[in-house]
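Please walk me through this protein and the molecule bound to it, beginning with a single position and working outwards to the helices, the domains and the ligand.

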Amino acid sequence: MKINKLQLVNFRNYDHCSVAFDKMVTVFYGKNGQGKTNILESIFYSAFGLSHRTNKEDEMVKFSSEGMAVLLDFAKEDGSHSIHMKRFTENGKYHKEIKIDGKKTTAKDHYSFLNTVMFSPEDLQIIKGDPSLRRRFMDMEISQTDPVYYALLVRYRRLIKQRNSLLKGIRDHNQPQEPLTAWDEELSDTAAQILIKRLDNLRKLKEIAIPVFHILSDKIDSLEIKYEMKGNNGGLFYPEEEKTDNMKDFYIESLKERRFKDIMQGSTGIGIHRDDLKTYINEADSRSFASQGQQRCCALALKLSQIEYVKKVSGEYPVLLLDDVMSELDQYRRNQLIGFINDKVQTIITVNDKTLIPDFGSNQYFNVEKGIITLN
Ligand SMILES: Nc1ncnc2c1ncn2[C@@H]1O[C@H](COP(=O)(O)OP(=O)(O)OP(=O)(O)O)[C@@H](O)[C@H]1O
């Protein structure tokens with residue numbers, strides 16, 4: 001995939017802006033707070049319909065404006081395409097419109113149309129942070145290339161919400177328990193399908209992330225990645241893909257067993273919304289024991305494997321967005337990263353100091369100052 005042109009209207013600190021991407025590597029450089037990350041955010045928004053750094057879409061609308069728009073032209077193997085994201089106010093309310101190739105579309109169909117992988121300093125949280133961030137990492141990766149997975153997730157979230165509200169109704173208002181059996185059946189079926197897709201994704205991810213991590217660590221450290229599930233009694237276990245034939249029955253039984261507990265808590269205590277993706281460096285849990293540098297390498301290895309994963313599954317490389325990460329990497333890892341990109345992956349980079357990104361003939365540089373972009 002190759003982005004050719006980006007146009008912004010009232011997006012963050014940009015009034016009107018138009019950028020043509022003529023090379024495989026595009027560098028936006030400039031001082032802090034000038035609008036470099038805003039550019040990557042607008043591309044991420046065009047790909048996923050959400051920001052990589054806030055849940056509040058309104059924050060992306062330029063101060064004192066009524067709405068904003070992002071228009072992205074790009075090429076896939078099957079030809080040229082455009083995505084038009086628009087947020088506007090009507091009768092005092094915000095509305096969102098997504099168009100692909102000029103036709104209105106839904107969030108579901110939009111989600112996997114343009115593939116991008118973003119790597120930013122906050123991605124260290126994939127290793128250090130809560131399990132929810134690692135689940136999000138997996139979910140975004142799989143959804144990018146698998147619309148069925150996206151639909152399963154949407155269904156699962158709806159079922160969990162409905163089941164939890166029923167659990168509270170039973171606890172607080174003495175509602176009958178019988179309807180739980182039907183909910184548990186559907187929830188278990190959906191959970192089992194999601195789990196199988198996650199484990200398949202993990203197998204492909206490991207094939208790439210483990211050797212890439214070894215290289216990034218200068219062949220010193222080893223990485224292991226495991227999918228961790230919570231059992232009924234608080235125990236943990238690690239399913240393997242080949243042993244997941246009866247996961248639906250497993251979930252049905254587990255939900256039945258813990259029904260009383262769930263009613264008391266008013267929430268569902270097991271399921272794919274509680275699982276984790278554990279990483280181990282030299283056999284120690286990297287969340288607790290790895291150094292900052294090892295955690296950064298691990299996050300980078302996961303992101304780079306995401307690129308290869310998208311390529312493997314969709315047949316095309318995604319666009320790589322590198323937000324302010326070059327200054328955090330030492331020379332060795334910067335070179336490894338640049339070697340990995342190697343002209344095959346369109347890469348858009350933000351950086352303070354442009355000299356950190358040497359030009360081997362395929363770079364273009366833009367200076368960013370107070371929301372004005374100048375080719376330089
Ligand atoms: N909704 C908005 N309307 C107008 N300006 C905004 C809005 N949101 C953020 N900004 C401005 O955008 C600028 C920050 O942009 P951005 O995060 O892209 O900076 P950056 O160049 O990447 O900086 P750094 O190198 O520090 O990461 C700030 O000046 C901020 O005030």
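A useful place to begin is G67, which counts as partly exposed because it has 18 C-beta neighbours inside 10 Å, a number that falls short of the 20 or more needed for a residue to be called buried. The model in which this residue sits is a predicted one, and the mean pLDDT of the protein is 93, with 99% of its residues reaching 70 or more. The model as a whole scores ipTM 0.98 and pTM 0.91.

G67 lies in the loop between α1 and β4, the latter covering residues 68-76. If residues up to four places away in sequence are set aside, G67 touches N10, V61, K86, R87, F88 and T89. R274, by contrast, is 207 residues away from G67 along the chain, and the C-alpha atoms of these two residues are separated by 37 Å.

A second position to look at is H214, which is placed in helix α6. H214 also counts as partly exposed, because 16 C-beta neighbours lie inside 10 Å of it. Once its neighbours within four places in sequence are left aside, H214 is in contact with K219 and S222. Along the chain H214 and G293 are 79 residues apart, while their C-alpha atoms are separated by 13 Å.

From single residues we can move on to whole helices. Helix α5, made up of the 27 residues 147-173, reaches 38 Å from its first C-alpha to its last, which is close to the 39 Å expected at 1.5 Å a residue. Which residues of α5 are buried? They are Y149, Y150, L152, Y156, L159, R163 and L167, and these buried residues pack against α2, α4 (131-145), α6 (179-216) and α8 (259-265). After α5 comes N174, whose phi is positive, near 55°.

Helix α10 can be read in a similar way: its 23 residues, 292-314, reach 33 Å from the first C-alpha to the last, close to the 33 Å expected at 1.5 Å a residue. This helix is mostly covered, with 17 of its 23 residues buried. Just after α10, G315 takes a positive phi of about 90°.

At the level of the whole chain, the domain assignment divides the protein into domain 1, formed by 1-115 together with 316-376, and domain 2, formed by 126-312. The centres of domain 1 and domain 2, taken over C-alpha atoms, are separated by 29 Å, and the contact between them takes 14 residues from domain 1 and 14 residues from domain 2. On the side of domain 1 that touches domain 2, α2 (107-111) and α11 (331-341) each supply at least two residues, and the largest share, 4 residues, comes from α11. Sorted by class, the residues on this side of domain 1 divide into 7 nonpolar, 3 polar and 4 charged.

The last feature to examine is the ligand. How many residues surround the ligand, and which are the closest? There are 18 of them, and the closest are N13, N32, K36, T37 and N38. The largest share of this shell, 3 residues, comes from helix α1, which covers residues 36-48. By class, the shell around the ligand has 3 nonpolar, 10 polar and 5 charged residues.

Methods. Residues are numbered from 1 along each chain as its sequence is written. This is a predicted model: local features need pLDDT of at least 70, side-chain atom pairs count only at pLDDT 80 or more; totals for chains, interfaces and linings use all residues. pLDDT is the predictor's confidence in each residue, from 0 to 100. The expected span of a helix is 1.5 Å times one less than its number of residues. A residue is buried if 20 or more other C-beta atoms lie within 10 Å of its own, exposed if 12 or fewer, and partly exposed in between; C-beta atoms are placed from the backbone. Domain bounds come from an automatic or database domain assignment. Two residues are in contact if their C-beta atoms, placed from the backbone, lie within 7 Å. Ala, Val, Leu, Ile, Met, Phe, Trp, Tyr, Cys and Pro count as nonpolar, Asp, Glu, Lys and Arg as charged, and the others, Gly among them, as polar. A residue is near a molecule or strand if its C-beta atom, placed from the backbone, lies within 6 Å of it.
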